[in-house]
Amino acid sequence: MSSEVINFLQSRRSVVAKKMLPVEPSDDQVANIIRCGLRVPDHSNVQPWRIIVLKGDTRQKFSEQVVLPAAEANAAKSNEEMTDTLRELELARLLRGGIVIAVLSKPLVPHKIPIWEQQLSAGAVCSHLLIAAQSLDFAAQWITEWLAYDPTIIKALGGNPEHDLVAGFIHIGGKAEAPNERKRPDESEIVSYWQ
Ligand SMILES: Cc1cc2nc3c(=O)[nH]c(=O)nc-3n(C[C@H](O)[C@H](O)[C@H](O)COP(=O)(O)O)c2cc1C
């Protein structure tokens with residue numbers, strides 16, 4: 001069993017969201033993936049994260065009611081024209097794949113546990129969700145794009161833009177084809193044994 005886990009971790013790959021098939025995991029699979037996401041280390045058990053599932057019609061609703069108005073407001077602020085093509089792109093952003101799980105970093109502030117540590121734990125939630133979805137043979141990708149940094153989006157997900165951040169949107173869907181391997185780090189440049 002442990003070698004299976006090692007083999008999986010050393011060979012898993014993300015699939016870019018735009019290439020995913022619109023395959024939705026079952027409710028049981030989503031619950032299982034989320035359970036893995038919540039089993040991350042977090043210092044002092046502060047649980048500094050929230051998980052927001054966007055599935056079915058709510059993806060479309062969130063795109064129409066939150067994403068598009070935010071994109072239009074940003075375009076207006078920077079005097080850019082919001083063309084029909086851009087509008088379509090924004091409306092389709094969260095519709096890639098079958099389901100999107102948003103992870104909000106929601107640190108306790110002020111708190112004895114540094115915010116950085118609490119944010120790291122939110123990153124770990126994203127990793128666990130990604131790995132769990134991929135272990136069930138779904139296509140999955142961790143995405144931030146502009147949405148993750150937009151105060152309107154953070155608020156709509158239940159966050160306070162003053163200290164909460166979107167750690168990631170985990171897109172999960174079906175694989176159209178097996179992903180190609182990508183360049184992996186040269187361990188000799190990254191790893192050293194201190195002497
Ligand atoms: C915090 C974070 C944010 C990311 N945001 C994006 C993004 O917005 N768009 C994108 O194409 N890839 C993004 N990526 C990269 C991909 O999710 C992924 O790392 C890459 O496709 C290779 O994945 P793999 O090593 O799991 O195969 C992000 C990765 C991380 C860790």
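Trainee: Let's start with D137: does it count as buried or exposed?
Mentor: Keep in mind that this is a predicted model. D137 has 9 C-beta neighbours inside 10 Å, and the cut-off for the outermost class is 12 or fewer. So D137 counts as exposed.

Trainee: And where does D137 lie?
Mentor: Its backbone is worth a look too, since phi of D137 is near 70°, a positive value in a residue other than glycine. Most residues other than glycine have a negative phi. As for its place, D137 lies in the loop between helix 5 and strand 3.

Trainee: What is phi of E145, roughly?
Mentor: E145 lies in the loop between strand 3 and helix 6. With 14 C-beta neighbours inside 10 Å, E145 counts as partly exposed. Its phi is positive, although E145 is not a glycine, and the value is near 50°.

Trainee: Which residues are around the ligand?
Mentor: E145 is one of them. By type, the shell splits into two nonpolar, four polar and three charged residues. The full set is R13, S14, Q141, W142, I143, T144, E145, G168 and R182.

Trainee: Which strand gives the largest share of the shell around the ligand?
Mentor: Look at Q141, W142 and I143, which are among the residues around the ligand. The largest share is three residues, and they come from residues 139-143, that is, strand 3.

Trainee: Moving to V16, how far is its C-alpha atom from that of A139?
Mentor: V16 sits in the loop between helix 1 and helix 2, and it counts as partly exposed because it has 13 C-beta neighbours inside 10 Å. Along the chain, V16 and A139 are 123 residues apart. In space, their C-alpha atoms are separated by 8.0 Å.

Trainee: At what angle do helix 2 and helix 5 pack?
Mentor: Helix 2 covers residues 27-38 and helix 5 covers residues 115-135, with their axes 7 Å apart. The crossing of helix 2 past helix 5 is right-handed. Their packing angle is about 145°.

Trainee: Which residues in helix 5 does helix 2 meet?
Mentor: From helix 2, the partners are N32, I33, C36 and G37. Taking both sides of the contact, there are six nonpolar residues, three polar and no charged. On the helix 5 side you find V125, H128, L129, A132 and A133.

Trainee: What separation do the C-alpha atoms of Q29 and A132 have?
Mentor: Q29 lies in helix 2, and with 16 C-beta neighbours inside 10 Å it counts as partly exposed. The two residues are 103 apart along the chain. Their C-alpha atoms are separated by 9.5 Å.

Trainee: Which element gives the most to the largest nonpolar core?
Mentor: That core has 36 residues, and A102, V103, L129, A133, V166 and I170 are those with the most contacts inside it. The elements giving two or more residues include strand 1, helix 3, strand 2 and strand 4. The top contributor gives seven residues, and that is helix 5.

Trainee: What does V103 touch, leaving out residues up to four places away in sequence?
Mentor: V103 is one of the residues with the most contacts inside the core. In soluble globular proteins, nonpolar side chains tend to be buried together. The partners of V103 are W49, I51, A122, V125, C126, L129, A167, G168 and I170.

Trainee: Which residues is A75 in contact with, beyond its neighbours within four places in sequence?
Mentor: A75 is in helix 3, and it is partly exposed, with 16 other C-beta atoms within 10 Å. A140 is 65 residues away in sequence and 29 Å away in space, C-alpha to C-alpha. The contacts of A75 are with E80 and M82.

Trainee: Last one: what is omega for the peptide bond from V109 to P110?
Mentor: P110 is found in the loop between strand 2 and helix 5. Most peptide bonds are trans. The bond from V109 to P110 is cis, with omega near -10°.

Notes. Residues are numbered from 1 along each chain as its sequence is written. This is a predicted model: local features need pLDDT of at least 70, side-chain atom pairs count only at pLDDT 80 or more; totals for chains, interfaces and linings use all residues. A residue is near a molecule or strand if its C-beta atom, placed from the backbone, lies within 6 Å of it. Helices (H or I, at least four residues) and strands (E, at least two) are DSSP runs, numbered from the N terminus. Ala, Val, Leu, Ile, Met, Phe, Trp, Tyr, Cys and Pro count as nonpolar, Asp, Glu, Lys and Arg as charged, and the others, Gly among them, as polar. Axes are lines fitted to C-alpha atoms, for helices over the stretch in contact, and angles run from 0 to 180 degrees between N-to-C directions. A crossing is left-handed if the near helix is turned anticlockwise from the far one by less than a right angle, and right-handed if clockwise. Two residues are in contact if their C-beta atoms, placed from the backbone, lie within 7 Å. A nonpolar core is a set of buried Ala, Val, Leu, Ile, Met, Phe, Trp, Tyr and Cys residues joined through C-beta atoms within 7 Å. A residue is buried if 20 or more other C-beta atoms lie within 10 Å of its own, exposed if 12 or fewer, and partly exposed in between; C-beta atoms are placed from the backbone.
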